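This report describes selected features of one protein chain for a reader who is new to structural analysis. Please consult the sequence and the structure shown here while reading.

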Amino acid sequence: MTCKDEGDFWAQNKNSDPFVMVLKNRYELCEDLKYVISVPDLCDVLFLVGPEKTPVYGIRAILATRSRLMYQMILRSQQSTNTVAKETSTIKRGLKSVKQALSRKKASPKTMRPSPDKVTIEVKDFEVGVFERLMRYIHCGVVAVDPRTVAGMINAAKMFEFPDLHAACWEFAMECMRPDTLPLMVEGATLYSQFKETRKLMQKVISYLGDTPDVIQCCPEIQSLIPLRSDEFMC
């Protein structure tokens, strides 16, 4: 592909040759990044997600660049880890001194190459399926959202400040307001009832059901998922 895009960083230099070829292959880059975040040894951030603390991996530089909240979470984790490491090091030095005083024999030092520790962050507010999708969007700029996960993605996009993702998920949620997909969306939303965005979404669901009462007859399972009273979901 040959083109000249004035918005690209290599075209900003006025002294550069105006006759250039620009090759863009974002697909392979996206696929490579998807592979990288699937291999723990290639990542330097470990998220423990949900009540079962399922591991989800990420790349520190990308996370910190893409999200201010992610950057703050990484910094807090690093500071906490450094504090614990200093305390542990002090205890180890004390124990080592005691052992040396009690033992006349000198132990031969072990030669071990230290490996950098991962930054570990606990994530309790999101289920694994939603957080994995968020990681894919952050690293690759691509994500697939279904009715079951759209409410969680709306809240994740809002929390981590991704306005494009937030707007796209809201648009998709409105398209899910139909008998075949609404029960799945509401089921997924019940896991995020503590978030303001979920309450806003449920208000729209209740309004939709009020305008189309026949949907309740087609999907009676919705009645067991949400109370049909708007005051339950006031922001």
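## A hairpin of two strands

In this predicted model, strand 1 and strand 2 form a hairpin with 4 residues between them. One residue of the turn, glycine 50, has a positive phi of about 80°.

The two strands of the hairpin, strand 1 and strand 2, pair in the antiparallel sense over 5 bridges. Valine 49, for instance, has threonine 54 in strand 2 as its bridge partner. As background, the strands of a sheet pair through backbone hydrogen bonds, in either a parallel or an antiparallel manner.

## The sheet and the helix packed on it

The hairpin belongs to an open sheet formed by 3 strands in the order 2-1-3, with mixed pairing. Strand 2 (54-58) and strand 3 (119-123) are the edge strands, and each pairs on one side only. On average, neighbouring strands of this sheet are turned by 25° against each other, direction ignored.

Strand 1 (residues 45-49) is also joined to strand 3 by 5 bridges, and these two strands run parallel. Leucine 46 has threonine 120 as its bridge partner in strand 3. Helix 4 (residues 128-140) packs on the sheet, where it touches strand 1, strand 2 and strand 3. The direction of helix 4 makes about 5° with that of strand 2.

## A pair of helices

How do helix 5 and helix 6 run relative to each other, roughly parallel or roughly antiparallel? The axes of helix 5 (residues 150-159) and helix 6 come within 8 Å and cross at roughly 155°. Angles over 145 degrees count as roughly antiparallel, and helix 5 and helix 6 are therefore roughly antiparallel to each other. The crossing of helix 5 past helix 6 is left-handed.

Helix 5 contributes Val150, Met153, Ile154, Ala157 and Lys158 to the contact. From helix 6 come Leu165, His166, Cys169, Trp170, Phe172 and Ala173. Sorted by class, the contact of helix 5 with helix 6 has 9 nonpolar, 1 polar and 1 charged residues.

## A loop residue after helix 6

Threonine 181 is found in the loop between helix 6 (163-175) and helix 7 (182-189). Is threonine 181 buried or exposed? Its relative accessibility is 11%; because buried means under 20%, threonine 181 counts as buried.

Leaving aside residues up to four places away in sequence, threonine 181 touches Pro147, Glu175 and Cys176.

Technical notes. Residues are numbered from 1 along each chain as its sequence is written. This is a predicted model: local features need pLDDT of at least 70, side-chain atom pairs count only at pLDDT 80 or more; totals for chains, interfaces and linings use all residues. Side-chain values use heavy atoms; hydrogens and water are left out. Buried means under 20% relative accessible area, exposed over 50%, partly exposed in between (1.4 Å probe, protein chains only). Contact means heavy atoms within 4.5 Å. Two strands pair if DSSP finds at least two bridges between them. Axes are lines fitted to C-alpha atoms, for helices over the stretch in contact, and angles run from 0 to 180 degrees between N-to-C directions. Angles under 35 degrees count as roughly parallel, over 145 as roughly antiparallel, 65 to 115 as roughly perpendicular and the rest as oblique. A crossing is left-handed if the near helix is turned anticlockwise from the far one by less than a right angle, and right-handed if clockwise. Ala, Val, Leu, Ile, Met, Phe, Trp, Tyr, Cys and Pro count as nonpolar, Asp, Glu, Lys and Arg as charged, and the others, Gly among them, as polar.
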